[in-house]
Amino acid sequence: MRSKRVWILLAIAVVVIVALFIWKPWREAAPTPSPQAGPVASQTPSPANRYEPERAQAEAGAQQALDAEAVAVLAKTDEAQSRIAAKDKAGAIRALEEAAGKADILVGRDPAAALIPAATEVQIIDVAPADLGQVRKLRRAVELAVLTDDFPKARVALDGMRSEIRVRTYYLPLATYPAALASAAGLVERGDLTGAAEALDRARSTLAMTDVAIPLPLLAAETAVEAAKADTDAQKKLGHVGAARAALERTEALGYASRDVRKALLAEIREVERQAKGGSDIKAGLEQLKERISKAIGDLKAERKSAEA
């Protein structure tokens with residue numbers, strides 16, 4: 001009898017444990033906040049907010065570099081695709097004719113030009129780990145993947161090391177795009193709307209693409225150096241110099257700018273920091289460092305890292 005009661009109690013205990021384990025509200029309930037605790041606000045602005053002025057400036061510059069006729073070609077291509085989706089043959093042909101006319105203007109204006117800037121997108125991408133030790137692990141993962149020819153894995157690891165304002169520009173390939181528009185128009189006229197839509201999708205996929213990466217750590221270093229120049233308090237000035245050094249160490253870890261530039265900037269900020277700790281006047285050193293960081297950023301903006309669209 002006693003054995004039977006023990007087994008019953010054990011069975012009840014098992015049922016209770018299983019119920020607690022699978023009961024969703026029990027497992028997912030959020031902790032109850034303290035009545036005295038107010039809302040917690042982040043004291044550090046997110047990168048998207050902190051670097052928005054620089055992003056907007058980069059976007060304005062990229063927009064100014066676009067060709068108005070090329071922009072119109074893409075806009076009319078998009079309109080034609082919308083008309084085709086709505087089965088509006090007349091509207092699609094009209095949009096394609098306008099796109100082809102704009103493309104002809106581009107070809108006639110500069111027959112030798114192969115690629116014309118037509119669209120841009122500017123994003124803040126800051127996914128790199130804050131901890132430099134984790135960044136170095138990613139670097140080793142990239143190096144190992146390249147050594148073993150595992151390029152997909154290398155690309156994934158590299159994408160995890162982004163801390164930048166990325167300026168991406170798309171270009172019309174004048175050698176092929178006008179013909180693609182004419183082909184799509186012919187398909188619409190013959191009533192093959194599906195074929196026309198596929199032709200325009202293929203045409204859009206031939207857009208060439210370039211990226212310019214403006215490193216957030218370099219921007220942070222530049223801001224910290226400016227703050228150090230402006231601050232008259234010795235301890236605060238030293239703190240700004242330390243922040244600039246940390247930002248340049250992050251620039252080095254993430255591999256932005258050439259190796260020679262990174263090493264030179266790091267050596268320079270460390271010397272300025274050493275002088276500041278010793279009580280020396282670092283005004284000239286900060287001015288020179290600011291100029292070199294600005295030049296490094298300018299050189300990166302001038303680069304075009306090509307990739308297939």
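1. Contact, as used for the packing described here, means heavy atoms within 4.5 Å. The model under review is a predicted one. On that criterion, the buried residues of helix 5 pack against helix 6 (89-109), strand 1, strand 2, helix 9 (177-189) and helix 10 (193-205).

2. Helix 5 spans residues 68-85 and contains 18 residues. From its first C-alpha to its last, helix 5 reaches 26 Å, close to the 26 Å expected at 1.5 Å a residue. The buried positions in helix 5 are Glu69, Ala70, Val73, Leu74, Thr77, Ala80 and Ile84. These residues lie on the same side of helix 5, because they cover an arc of only 145° around the axis. Ala68 and Ala85, on the other side of helix 5, are exposed.

3. Both ends of helix 5 merit comment. At the N-terminal end, aspartate 67 acts as the cap of helix 5, with a side-chain oxygen 2.9 Å from the backbone nitrogen of glutamate 69. Just after helix 5, lysine 87 adopts a positive phi of about 60°.

4. Helix 5 is also joined to helix 10 through charged side chains. Aspartate 78 and arginine 204 form a salt bridge with an N to O distance of 2.3 Å. This pair links distant parts of the chain, as aspartate 78 belongs to helix 5 and arginine 204 to helix 10, 126 residues apart. Aspartate 78 has a relative accessible area of 35% and is therefore partly exposed. Arginine 204 also counts as partly exposed, at 27% relative accessibility.

5. Strand 2 covers residues 163-173, and 10 of its 11 residues are buried, so strand 2 is largely enclosed by the rest of the structure. Strand 2 pairs with strand 1 (residues 115-126) in the antiparallel sense over 11 bridges. Strand 2 and strand 3 likewise run antiparallel and are joined by 8 bridges. Isoleucine 165 illustrates the arrangement: in strand 2, isoleucine 165 is the bridge partner of isoleucine 124, and isoleucine 165 also stands opposite isoleucine 214 in strand 3.

6. A buried charged pair deserves the reviewer's attention. Arginine 168 forms a salt bridge with aspartate 211, and the closest N and O atoms are 2.8 Å apart. The two residues connect distant parts of the chain, with arginine 168 in strand 2 and aspartate 211 in strand 3, 43 residues apart. Arginine 168 is buried, since its relative accessible area is 15%, where buried means under 20%. Aspartate 211 counts as buried because its relative accessibility is 12%.

7. Aspartate 211 may be placed further. Strand 3, which contains aspartate 211, comprises residues 208-215. The C-alpha atoms of aspartate 211 and lysine 301 are separated by 9.6 Å, although these residues are 90 apart along the chain.

8. A further salt bridge joins the side chains of arginine 162 and glutamate 164, at 2.8 Å from N to O. The partners of this pair differ in burial: arginine 162 is partly exposed, with a relative accessible area of 22%, whereas glutamate 164 is buried, with a relative accessible area of 4%.

9. The count of salt bridges comes to 26. Beyond the pairs discussed above, a network of salt bridges links Lys76, Glu79, Arg83, Asp88 and Glu98.

Notes. Residues numbered from 1 in each chain as written. Predicted model: local features only at pLDDT ≥ 70, side-chain atom pairs only at ≥ 80, totals over all residues. Heavy atoms only, no water. Helix = DSSP H or I, 4+ residues; strand = E, 2+ residues; numbered from the N terminus. Buried < 20%, exposed > 50% of the residue type's maximum accessible area, 1.4 Å probe, protein only. Pairing = 2+ DSSP bridges. Expected span 1.5 Å × (residues − 1). Arc of directions from axis to C-beta. Polar contact = N/O pair within 3.5 Å; in protein donor to acceptor, adjacent residues only side chain to side chain. Salt bridge = Lys/Arg side-chain N within 4 Å of Asp/Glu carboxyl O.
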